[in-house]
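The following exercises concern strand pairing, helix packing and burial in a single model. Each task is followed by a worked solution.

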Amino acid sequence: MSKQRRPLIAGNWKMNGLVGSATPELQELVKRAGDHPDPKCDILICPPATLLYEMVSLAEGSAVKIGGQNCHANESGAHTGDISAEMLKDAGAEYCIVGHSERRADHGESNAVVKAKAEAALRAGLIAIVCVGETLVEREGDKTLDVISDQVRNSLPGGATASNTVIAYEPVWAIGTGKTPTPENVADVHAHIRKELGSMMGDSDSVRVLYGGSVKGSNAAELMAVENVDGALVGGASLKAVDFWPIVSTCI
Ligand code: PGA
């Protein structure tokens, strides 16, 4: 982890959680965060949209920030079932994940679509967390760095800066599988991402690049110690405060 970049530990609850089950988890997180009046990292939970309002009010005044998991590129209009970045902001979100591999795969989101959504997030005043990552076939075919270059170059919003954009490197084969790349592999990809950012942005050294994919309490310290890793995007292990907190603890 770098001194110049403030780490971000982000939880992605995906399609999990009802008011009854999510409330005590967020309350517990807020309570634990409250024991650290001067946290050295940012803490974020991205609940399903139905829980946004409730979670925002529970987290109010604490170090725990709330974000969305996806947004539509447009501000409003005839898009049944979709939610705009402005609506997320209105509900109290401060961040929005875009281009998660589950959205790229389940909803056919191309780099161009991801870029438009990231631009919508910036337009609404949200911080975009842009996800990139290779599949197992791509890794085994030695295509990882090419795929990452393509995604970084084509998914990043115009106007991206270190203060409004975060990158999350999530190898698709590591998500929800319990498998993680070696620290050397993570270091290679993160260094590659930072090099790509260098040719695209003026303040690229300050952009946070998170690692995601089967991060848990038992491997977080090792992963967070890798050069150019500025935090984590956590799925399964973010659902319970007792599992998420040890990951936050690596940098708080
Ligand atoms: P996981 O998910 O931690 O359950 O592997 C990570 C993610 O999809 O962001």
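**Exercise 1.** Which residues point one way from β7, and which the other way?

*Solution.* The model is predicted: local features need pLDDT of at least 70, side-chain atom pairs count only at pLDDT 80 or more, and totals for chains, interfaces and linings use all residues. Residues are numbered from 1 along each chain as its sequence is written, and side-chain values use heavy atoms, with hydrogens and water left out.

Step 1. Arg208, Leu210 and Gly212 point one way from β7, whereas Val209 and Tyr211 point the other way.

Step 2. Strand β7 covers residues 208-212, and five of its five residues are buried. Buried means under 20% relative accessible area, exposed over 50%, and partly exposed in between (1.4 Å probe, protein chains only). Strands (E, at least two residues) and helices (H or I, at least four) are DSSP runs, numbered from the N terminus.

**Exercise 2.** Identify the strands that pair with β7 and trace the chain between them.

*Solution.* Step 1. Strand β6 (residues 165-169) pairs with β7 in the parallel sense over four bridges; pairing requires that DSSP finds at least two bridges between two strands. Tyr169 stands opposite Tyr211 in β7.

Step 2. Strand β8 (residues 231-234) and β7 also pair in the parallel sense, over two bridges. The bridge partner of Tyr211 in β8 is Ala232.

Step 3. From β7 the chain crosses through helix α9 (residues 217-224) to β8 in a right-handed β-α-β crossover. Right-handed means that, with the strands pointing away from the viewer, the path from the first strand over the helix to the second runs clockwise. A right-handed β-α-β unit is likewise made by β6, helix α8 (residues 183-200) and β7.

**Exercise 3.** Test the length of α8 and describe its packing.

*Solution.* Step 1. The expected span of a helix is 1.5 Å times one less than its number of residues. The 18 residues of α8 should therefore span 26 Å, and its end C-alpha atoms are 26 Å apart, which agrees.

Step 2. Among the buried residues of α8 are Val186, His190, Ile193 and Leu197. The buried residues of this helix pack against elements including β5 (127-132), α7 (144-155), β6 and β7.

Step 3. Leaving aside neighbours within four places in sequence, Ile193 is in contact (heavy atoms within 4.5 Å) with Val132, Ile148, Val152, Ile167, Tyr169 and Val209.
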